[in-house]
Structures are given as C-alpha cells and as structure tokens.
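Colleague: I am new to this structure and would like to go through it by question and answer. Please show it first.

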Amino acid sequence: MDKKELRLTRAVMPLSLKEPEQKIVSMAGLLRYFGTKEVFLVHVRTNNGKGKKQERLTDTIRAYALKLRELGFTVDMYFRQGHIASEILTLAAELGADFLSVLWERKRALPKALLGSVEADIVRMADYPVFVYKHPVFMAREQKINQVMYTTNFQITDSHVMPYLTNPGFVAQNLCILHVGQRAPDPKAEAERREMARQNLNRLKAACEHAFQKVSTQDVVGHPKARILHAARRCGVDLLIIGKSDNKSAFEQIMGSTAQFIADKAACSVFIVPGEQRR
C-alpha cells in the first residue's frame, strides 16, 4: 500500500438533513486537519419523497453545501433511496471516497444504547476509515485537533493505522500512543510483559516522531474499554484513533467490539481504521 492510497482528501458525509447547521460546519472544520479537499453530502431516503418535502430537503442540503464551500471545500450533493448504510457505502465506493465523516448525537431516549442504528451500521459495515464527530456541549471557540491518542494492541491494527498517523496530510501537534495490557500471572512474567510493551511502544514512537511536535507513550493494565476512555479523558484528547479488526479470532472480535463501544462512549471524536480497506 503506497502513500498515495492513504490520503484523506475525499470524504463522504451522510446527512439526515435534521442536523443543526452549526454541528455540520464544526465537523467540516475538523476535516481540514486530515487534508480533506472534497466533501460529498449524501442523504438517503427510506421512501420515495416527492413534492414540497423533497424541495425542502434539497434546499437544506444546498444550504449545508454553501457553508462548506465557504470553508474552502469542493462540495457535491447526492440523494439516494434504500437501506441507509448500504446506500452510503455503495456511493462511497462509486465516488472513490477515502473515508466517511459521521455526526454522532447521543440518543436521549435510549441513553444506554450504543450508536444510533445508522451510525452503528456504518461503523460495523464500513471497510473505509470512519470519522465519528462528537460536537462538544460547550464550544466557546473554534475546535482544533491538538491532542491525538492512538490505542494499539501491537499485533493487529498497527500496520493499518500507522500510515495514517504519519501521512503528511494529517496535521496535529501531540500524539500519545496507549497500550492496555492484561497483568501477567507472576512477577517475572509481568516484568517480561512490561519490557515487551516498552520496546513496542518505543518502536511505534520512533516511527511517528517526525510527524508530531511531541510523541509520548503509556502502558497501562486493565480492561481496554474502560482504560482507553479514562486515559482519553485524563489527557484531554481531541481525537482518539482506534483500529477495527475484521478478522474472526476471539481476540480480534473483542477489538472490533471495542472500536464500536469507544466510538459511542468517548467524550471526544473518534477515527476508526478498519483492518481490510476498500482501495
């Protein structure tokens, strides 16, 4: 896979056309940190909309497009009909998109549920990277991506995620590489586990240092989901990057479910990189 294939210049942005304009504009503003140039706005109907309702939807998506063009993006608009996630992913393939950008909103009626069904389908089904945008409750100034955290298991996702971290189009100041491990059964084995984690973290740090002002590492013990969320909050992370495994081993299935859980529960935005990508 060469560097040209890892660009993030073309983004598909699914819209229900009920989103507040401010949130769409804020999400688009962060896409500049990925080097994004083109945005494809997509609305998928589940029925055959006609008449004034369709006219209102068209006016709404045109208004979004105008705002994004003012930010410097090239914008195209698309209407589709059918199963929402399937149509979005099919269109992404037709357009040669590099990733999808999804606005996440907590479902107040189901506070304990995971992502809404459409967003969850996209994260689960996508063989593209997915940017899950979390709009802050209080936003006093323009959002930035300064603090980035990448969570690694050393074995499955590094080869897919690292090229994005070191791509010149991705701009952020500080990177923290986090590993969450399980404590070994005896002191000798635990010392060996920690030493292996230290060596792997240093290897990844060395590979990323040219792309960030500062790269730090953390090795912690505990349950991955809880420890990742805790570390992201404590470090004031703006963007959490996590790999999603598509393989079927028990461990890799756990990592896949972790990616979806983190996308739902993290306070910050999340960038999910799949194992096998459409290119």
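Colleague: How many nonpolar, polar and charged residues line the largest cavity?
Modeller: The model is a predicted one. The lining of its largest cavity includes Leu8, Phe34, Val161 and Tyr164, and further members include Leu165, Phe170, Leu239, Ile241 and Phe271. Sorted by class, that lining has no charged residues, no polar residues and nine nonpolar ones.

Colleague: Which element gives the largest share of the lining of the largest cavity?
Modeller: This cavity has a volume of about 50 Å³. Two elements give two or more residues to its lining, strand 9 (239-244) and helix 5 (158-165). The largest share, three residues, comes from helix 5.

Colleague: Which residues have the most contacts inside the largest nonpolar core?
Modeller: That core has 48 residues. Leu165, also in the lining of the largest cavity, touches Tyr150, Phe170, Leu175, Cys208, Ala211, Phe212 and Ile241, leaving aside residues up to four places away in sequence. Apart from this core lies another, of 39 residues, with Leu89, Ile122, Ala259 and Cys268 among them. Inside the largest core, the residues with the most contacts are Met13, Phe34, Leu41, Phe131 and Leu165.

Colleague: What percentage of the residues in the protein chain is buried?
Modeller: In soluble globular proteins, nonpolar side chains tend to be buried together. The chain here has eight helices and 10 strands, and it exposes about 14,000 Å², with carbon and sulfur atoms supplying 52% of that area. Of its 279 residues, the buried share is 51%.

Colleague: Is Tyr133 buried or exposed?
Modeller: Tyr133 lies in strand 5, residues 130-134. Leaving aside residues up to four places away in sequence, Tyr133 touches Lys23, Ser26, Met27, Leu30, Val102, Leu103, Trp104, Gln143 and Ser269. Its relative accessible area is 0%, and the cut-off for buried is under 20%, so Tyr133 is buried.

Colleague: How far apart in space are Tyr133 and Met27, C-alpha to C-alpha?
Modeller: Across the protein chain, 82% of the contacts between residues at least 6 apart in sequence join residues at least 24 apart. Tyr133 touches Met27, and the two are 106 residues apart in sequence. In space, their C-alpha atoms are separated by 6.3 Å.

Colleague: What is the phi of Leu17?
Modeller: Most residues other than glycine have a negative phi. Leu17 is placed in the loop between strand 1 (10-14) and helix 1 (21-31). With 9% relative accessibility, Leu17 counts as buried. Although not a glycine, Leu17 has a positive phi, of about 70°.

Colleague: Which residues lie nearest the centre of the largest pocket?
Modeller: About 640 Å³ of space lies in this pocket. Its lining takes at least two residues from each of strand 2 (38-45), helix 2 (51-70), helix 3 (84-95), strand 4 (99-104) and helix 4 (117-125). Of the 23 lining residues, those nearest the centre are Leu15, Ser16, Leu17, Glu19 and His43.

Colleague: How many charged residues does the lining of the largest pocket have?
Modeller: The lining of the largest cavity has no charged residues. In the lining of the largest pocket, 11 residues are nonpolar and five are polar. The charged residues there number seven.

Conventions. Residues are numbered from 1 along each chain as its sequence is written. This is a predicted model: local features need pLDDT of at least 70, side-chain atom pairs count only at pLDDT 80 or more; totals for chains, interfaces and linings use all residues. Side-chain values use heavy atoms; hydrogens and water are left out. A nonpolar core is a set of buried Ala, Val, Leu, Ile, Met, Phe, Trp, Tyr and Cys residues joined through side-chain atoms within 4.5 Å. Buried means under 20% relative accessible area, exposed over 50%, partly exposed in between (1.4 Å probe, protein chains only). Contact means heavy atoms within 4.5 Å. Helices (H or I, at least four residues) and strands (E, at least two) are DSSP runs, numbered from the N terminus. Accessible areas come from the Shrake-Rupley method with a 1.4 Å probe; for residues, only the protein chains shown count as cover. On a 1 Å grid over the protein atoms alone, a cavity is a set of points where a 1.4 Å probe fits but cannot get out, and a pocket is an open set with protein on both sides within 12 Å along at least five of seven lines; lining residues have an atom within 4 Å of a point. Grid points are joined across faces, edges and corners, and a volume is the space filled by probe spheres set on the points. Ala, Val, Leu, Ile, Met, Phe, Trp, Tyr, Cys and Pro count as nonpolar, Asp, Glu, Lys and Arg as charged, and the others, Gly among them, as polar.
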